[in-house]
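Visitor: Hello! I am new to reading protein structures, and I would like a close look at one part. Could you show me the model, please?

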Amino acid sequence: MKTLTAPFENPDQIHRFIKQYAIEKEENILIQIFTCVNKKNFIKELLTLLTKLIPQASIIGSTTSGEISNEGALTDSTVVSFSIFQDTKIKTSLEEYATSSFTTGEKLIGNFENNEHLKLLISFSDGLHMNGEEFLEGIYSKNPQITVAGGMAGDYSKFEETFVFNEKKITNNGAVAAALYNKDLNIFTEYNFNWESIGKKHTVTKSDKNRVYTIGDMSTLEFYQYYLGENIEKLLPAIGIEFPLVIKKDDHNIARAAIKKHDDGSLSFAGNVPQGSVVQFGHGDVQMIINKSLENVKSILNHPIESIFIYSCMARRALLKNDINLEILPLREISSISGFFTNGEFFQNRFGSTFLNQTMTILAISENDEKIENVTPNIFSHKLPHQDDAALHRTQALSNLIEQTTQELEDFNALLELRVKEEIEKNEQKDALLNMLKNQSQLGEMMEMIIHQWRQPLSAITTSVSSIEIYNESNMLTDDILDNSLGHIRECACHLSTTIDDFRSLFQGEILYETMQSKTAIDKTLAIIKSSLIKNKITLVKNHEQSASITISLGLMMQVLLNIIKNAVDILIEKNIKDPVIEIITRIENDKLIIDIKDNGGGIPEDILPKVFNKRFTTKDSKIGTGIGLDMSRTIIETKFNGKIYAHNQSPWAIFTIELPIVK
C-alpha cells in the first residue's frame, strides 16, 4: 500500500494530482479528508467532485482544528489523503446520533460485516454532541477485538458546529467510520501524552457521565474560576482544552477537556468524569512532549510501516505553537503522514482501548511485513530551536519544582490526616493543634489556604520563565534582564519555602517553646489565612507595630489566633455583613502584651457571651464545629503561656482580647 497526500486548492488542481499518480485506476482506495472549511455546501461539493473523479473510492472526513500533511501542521487548509491498498477491502458507514453515544457506537459497528478479515476501524465523530468514551464502549460491546483509531471533529475552538462525513452523507451530530478488511494487515498504534498533574487533588462530588456539576464544594464553573481566575468564564469552553482535568485510570493518566458550558454552572467534557474521581489540573511540558515523540519514532521502527496517520489534540498545538512540527515531522522520515487536530482521540493498543484528550495518537499500517531499514539519523536529535541548554535546564527546573512541591503538599496532607487520627485515638483532650483539626473539613480549609498562597508565586515563576524565552527568541536577552528574572524566580521560590515552613510550624506535634517577637507570630498567622480573607472580600486592618518579646509555642499560638480569626470570618459570612472588617491591634500595658482581635459582625449575643469559652459549647451545626476550639484556646493561653483570654462587645464589634507576659 501507499498513501499520497495533497492540499485541496481547486477542482483542477486535485484533478491533476489524481491523474499524475493514476489514482483513478486503482481499485481499493480510502480517501480521508481533513478540512478547516466548516460549511456543509463546501463539503458536499468536494465529495461530489471526488466521487465523480474516483467513483470506486471509499471516503471519510472531518472538520478540524488544524490539518496535518507531509508539510507538517497546517492552518486554514483542506488536506486530501489517498491510501491505495493491494489486498485490503474498505467499506464506510455513517450513523446519526441515536439515543446515546453508546447506542450510536453499537449501530455504527453493526453496519459492518464482522468476520476474521475485519482488522481496523478508522472513525470520526462530531466534536460537540458525542461522548467519545461511551461511543467507543458501544463499538467494543459488539466487537471487543477491533482496533479503533481516529478522533472527534473540531472547528478551531469555536465550539459552534462540527461535521463528519462519508461519500454519501454529511452530519453534524453522529459518527462515520471506514472498516478495513484484511486479516494480514499490520497495525501499530502509539500515543504521546506528557501532560503533568499540578496542584491539589480534588474529588468530583457530583457528575453524570461526561457532565460534571460539582468539584469539592464548588460548582465546576466556580472551580475553574477559583483556580484560573474570575475572567475564565468568558473563555470557556475553549480555554478548557488547554487546562484539562487529569484523572488516573488503570495506572496511567488521562485528560478530560471541557467542551460545553451550561447555565447551572456545570461543564460537559469530551469523555466521562465519574463521580468520585480524583482530579488535578494538567500542565503541558513542551520538552518532554518533544522527547517522547522521538521515542515514538524509535518504537515505530520496530514494525513494518507503509503509511502513518496522526490524530492529535488541538491543545497540543495551542501549547507547542510552531514547535508542534518537532513532534510531527520526525514521523515523516519513516512514511507519508496525514491527519488532523481533534477535540478528542480514539486509541487502542494491546493494553486496551480508551478515549483520550490532550494526546497525539499515531496509527501506522502496512500490507507487507518488511521493516524500515534506512532512516535519517538526525531525526533523533531534535530539540526546541529557540532553547539553549540553559533555557532548557530552567524549563526542566520549573517543571521539577512544580512536580515536587505538588507532591510535597499531597504527602504532607496525607501525613496530617494520619496524625490527626492518631491524636484523636490517643486523647480527645490533648491540647495539641492536631486535635483541634480532627474535623476533616477544617483540615481541608487549611490545605486550601496554603495552596491558594502558592498560586501567585507559581504564576510569577511561569511568567518570568516565559519572558526569558521571549527575550531570547527576539535576541534581546541581556545579562541584566536574565539576572532580574532569575532574582524574581528566587524570591518566589523563597516565598513558597517560607509558606511550607509556616505550615510545618502550625502543625508541630511536639510543643517547643521559644522567645520571639509577637509581630512574628501574628504575621505568620495572617500569611496563612490571608487568602480566605481576600476570597471573602474581608478588609484586614492591622496595627501590631507595638511588638514585644513573648515566650510561646509558635504552632499553638498560631492556632489560637487562627481559631479566633476563622470564627470571625464565619460570622461575617453568615450574617452577610456589608463592608466586613477584621482588626488586629497590639499594645503594651503594665508589662503585658495585649492583642485585640475585632470583627464588625454585630457582637456576641449577651446570653451567649459568658459561655463562649465553655467546653463543648457551640452555636454551629454539629457537622461544622465541635465547640472545642475556644475552650482549648483558653487552655493554651492560660495554662501554657500564663496569660488570659476573654471576650466582650463594643457595638458593632465583637472583641477577643489576649494578654501575655512580656519577656524583659
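Visitor: What covers the buried residues of α3?

Guide: Happy to help. This is a predicted model. The cover over the buried residues of α3 includes three strands, β7 (89–96), β8 (118–125) and β12 (174–181), along with helix α4. The residues being covered are Ser101, Thr103, Thr104, Gly105, Leu108 and Ile109, the buried residues of α3.

Let's stay with α4, since it is a helix packing against a helix. Helix α3 spans residues 101–110 and helix α4 spans residues 132–142. Their axes lie 6 Å apart and make an angle of about 40 degrees. Angles under 35 degrees would count as roughly parallel, and α3 and α4 are therefore oblique to each other. Their crossing is right-handed. On the α3 side, the contact is made by Ser101, Phe102, Thr104, Gly105, Glu106, Leu108 and Ile109. On the α4 side, the partners are Glu134, Phe135, Glu137, Gly138, Ile139, Ser141 and Lys142. Sorted by class, this contact has 5 nonpolar, 5 polar and 4 charged residues. If you colour the buried residues of α3, you can find Leu108 and Ile109 among them, and both of these also take part in the contact with α4.

Another helix pair is useful to set beside this one. Helix α1 (residues 11–20) and helix α2 (residues 40–53) cross at roughly 30 degrees, and their axes come within 11 Å. That angle makes α1 roughly parallel to α2. The crossing of α1 and α2 is right-handed. Here Pro11, Ile14, His15 and Ile18 of α1 meet Leu49, Leu50 and Leu53 of α2. By class, the α1 and α2 contact divides into 6 nonpolar residues, 1 polar and no charged.

Now step back to the whole chain. It has 15 helices and 33 strands, and buried residues make up 56% of its 664 residues. Take the contacts between residues at least 6 apart in sequence: 79% of them join residues at least 24 apart. In soluble globular proteins, nonpolar side chains tend to be buried together. In this model, the largest nonpolar core has 53 residues, and those touching the most other members are Leu121, Val148, Ile308, Ile310, Ile328 and Leu331. Ile310 is a good one to click on: leaving aside neighbours within four places in sequence, its contacts are Ile68, Ile328, Leu331, Ile337, Ser338, Gly339, Phe340, Met360 and Thr361. There is also a second, separate core of 43 residues, with Ile550, Ile584, Ile645 and Ala654 among its members.

Finally, look at the backbone in a few loops. Most residues other than glycine have a negative phi, and most peptide bonds are trans. Leu236 and Pro237, however, are joined by a cis peptide bond with omega about 5 degrees, and Pro237 sits in the loop between α5 (220–228) and β17 (245–249). The bond from Ser651 to Pro652 is cis as well, with omega near 5 degrees; Pro652 is placed in the loop between β32 (644–650) and β33 (653–661). For a positive phi, try Asn590, where the value is near 50 degrees. Asn590 lies in the loop between β30 (581–589) and β31 (592–599), and counts as exposed because its relative accessibility is 73%. Asn642 has a positive phi too, near 55 degrees. Asn642 lies in the loop between α15 (628–640) and β32, and at 58% relative accessibility it is counted as exposed.

Technical notes:
Residues numbered from 1 in each chain as written. Predicted model: local features only at pLDDT ≥ 70, side-chain atom pairs only at ≥ 80, totals over all residues. Heavy atoms only, no water. Axes fitted to C-alpha atoms, helices over the stretch in contact; angles between N-to-C directions. Helix = DSSP H or I, 4+ residues; strand = E, 2+ residues; numbered from the N terminus. Parallel < 35°, antiparallel > 145°, perpendicular 65-115°, else oblique. Left-handed = near helix turned anticlockwise from the far one by under 90°. Contact = heavy atoms within 4.5 Å. Nonpolar A, V, L, I, M, F, W, Y, C, P; charged D, E, K, R; others polar. Core = buried A, V, L, I, M, F, W, Y, C linked by side-chain atoms within 4.5 Å. Buried < 20%, exposed > 50% of the residue type's maximum accessible area, 1.4 Å probe, protein only.
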